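I sat down with a new model today and kept notes as I went. Here is what I pulled up.

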Amino acid sequence: MRTFVVASLCIFWSCAVCGQSAPAFETVSIRFHPPAEDAPVFKNPDVNPIHISGNRVDLQMIGLKGLIMAAYNVKEYQVSGGPGWASGLDSMFDVAARADASAAPSMDRVRWMLQTLLGERFHLKLGHETKELPVYNLVVAKRGLKLKTAAGDEPATPGMRRGSMEQLAALLSLLLDRPVLDKTGLAGIYEYSDRLALLDMGAKDSADVVATTLTAIQEQLGLKVEAAKAALEMLTIESVERPSEN
């Protein structure tokens, strides 16, 4: 396993070649977010936790794994290891940072700066490797797609959520027993029932969740998942420290 300190290999290499240090925020404030009794259990993969306004960057009520996912643009199943507080709701943070320019930084640059922040404030060390893992490929069912294309100028239909096929695959990855990869070849934004995100509620065990979800995918969406294997980039938390507040 290759180990690196919070900088992707390509970013580190490009900085080393041009003689520049890794990009970093000009100022950063990290505060612990008090545990909330009504904190949502279900995670919404449709929402990017990074909020950019001018040169200000905010991430609210986010855990260590969430920060890693945001910084490296990876899914939850691609991050493993670390202490118990790495993914617990009792260790959430509010991050408020400013870039060194008055103009809004690009999302890619913000991700690079988050990688630097994780190294400097969390002393995070990550292992990086490629693994062949069991996955599901999300494809269109033989009877055809049942989803409605979402028009950008129309309000969302009540009880529905909108997202790309990639976002839908990320949602299904949380419900099923293995990662789901978008292989539909479909572009655009679609509407699908918000109830799909709640299929795990009341299920007796993981087998019930999988069976219910597989049925709903085909009957409600006109999609299906096929078992497969894929080489996926994986990150392992090898060492990390809680940051001090400032």
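My entries follow, going from the whole chain down to single residues.

**Entry 1: the whole chain**

I started by reminding myself that this is a predicted model. I counted secondary structure next: five helices and twelve strands in the chain. Buried residues account for 41% of the 246 residues. The accessible surface is about 13,300 Å², and 52% of that belongs to carbon and sulfur atoms. I also looked at how far contacts reach along the sequence. Taking contacts between residues at least 6 apart, 84% join residues at least 24 apart.

**Entry 2: the four-stranded sheet**

I went for a sheet next and asked in what order its four strands sit. The order is β2-β6-β4-β3, the sheet is open and the pairing is antiparallel. β2 (27-33) and β3 (51-53) are the edge strands; each has a single partner, so one side of each has no neighbour in the sheet. On average, neighbouring strands here are turned by 15° against each other, direction ignored.

I zoomed in on one edge. β3 and β4 run antiparallel and are joined by three bridges. I picked out one pair: Ile52 has Val57 in β4 as its bridge partner.

Then I checked which helices sit against these strands. α2 lies across β4 and β6, and it runs at about 140° to β4. α3 packs on the sheet as well, touching β2, β3, β4 and β6, with its direction at about 70° to that of β2.

**Entry 3: helix α2**

Is α2 mostly enclosed or mostly open? Seven of its nine residues (64-72) are buried, so the rest of the structure largely encloses this helix. The buried set is Leu64, Lys65, Leu67, Ile68, Ala70, Ala71 and Tyr72. I noted that a lysine, Lys65, is in that set. Just after the helix comes Asn73, with a positive phi near 55°.

**Entry 4: the cores**

I looked for the largest nonpolar core and found 31 residues in it. Leu59, Leu64, Ile68, Phe122 and Ile237 touch the most other members. Elements giving two or more residues are β4 (56-62), α2, β6 (92-98), α3 (107-121) and β12 (223-239). Which of these gives the most? It is α2, with six residues.

I followed Leu64 to see what it touches. Beyond its neighbours within four places in sequence, Leu64 is in contact with Trp85, Ala86, Phe93, Leu118, Phe122, Ile237 and Val240. Phe122 and Ile237 were already on my list of residues that touch the most other core members.

There is also a second, separate core of 18 residues, and its members include Tyr136, Leu175, Ile217 and Leu223. As a general note to self, nonpolar side chains tend to be buried together in soluble globular proteins.

**Entry 5: helix α4**

α4 (165-175) got the burial check that I gave α2. Eight of its eleven residues are buried, so α4 is largely enclosed by the rest of the structure. Those residues are Met165, Leu168, Ala169, Ala170, Leu171, Leu172, Ser173 and Leu175. Leu175 is one of the residues in the second core.

**Entry 6: salt bridges**

How many salt bridges does the structure hold? I get five. I wrote down three of them.

- Lys75 and Glu166 meet through their side chains at 3.7 Å, N to O. Lys75 is in the loop between α2 and β5 (79-81) and Glu166 is in α4, so this pair ties together parts 91 residues apart in sequence. Lys75 is partly exposed, at 28% relative accessible area.
- Glu129 pairs with Lys131, with the closest N and O atoms 3.7 Å apart. Lys131 counts as partly exposed, at 37%.
- Lys224 pairs with Glu226, again with the closest N and O atoms 3.7 Å apart. Lys224 is partly exposed at 23%, and Glu226 is partly exposed at 35%.

**Entry 7: a buried arginine**

Last stop was Arg161, in strand β9 (residues 160-163). Is Arg161 buried or exposed? Its relative accessibility is 12%, so it counts as buried, the cut-off being under 20%. I also checked Arg161 against Tyr192: they are 31 residues apart along the chain, yet their C-alpha atoms are separated by 5.7 Å.

Terms used:
Residues are numbered from 1 along each chain as its sequence is written. This is a predicted model: local features need pLDDT of at least 70, side-chain atom pairs count only at pLDDT 80 or more; totals for chains, interfaces and linings use all residues. Side-chain values use heavy atoms; hydrogens and water are left out. Buried means under 20% relative accessible area, exposed over 50%, partly exposed in between (1.4 Å probe, protein chains only). Contact means heavy atoms within 4.5 Å. Accessible areas come from the Shrake-Rupley method with a 1.4 Å probe; for residues, only the protein chains shown count as cover. A salt bridge is a side-chain nitrogen of Lys or Arg within 4 Å of a carboxyl oxygen of Asp or Glu. A nonpolar core is a set of buried Ala, Val, Leu, Ile, Met, Phe, Trp, Tyr and Cys residues joined through side-chain atoms within 4.5 Å. Two strands pair if DSSP finds at least two bridges between them. Axes are lines fitted to C-alpha atoms, for helices over the stretch in contact, and angles run from 0 to 180 degrees between N-to-C directions.
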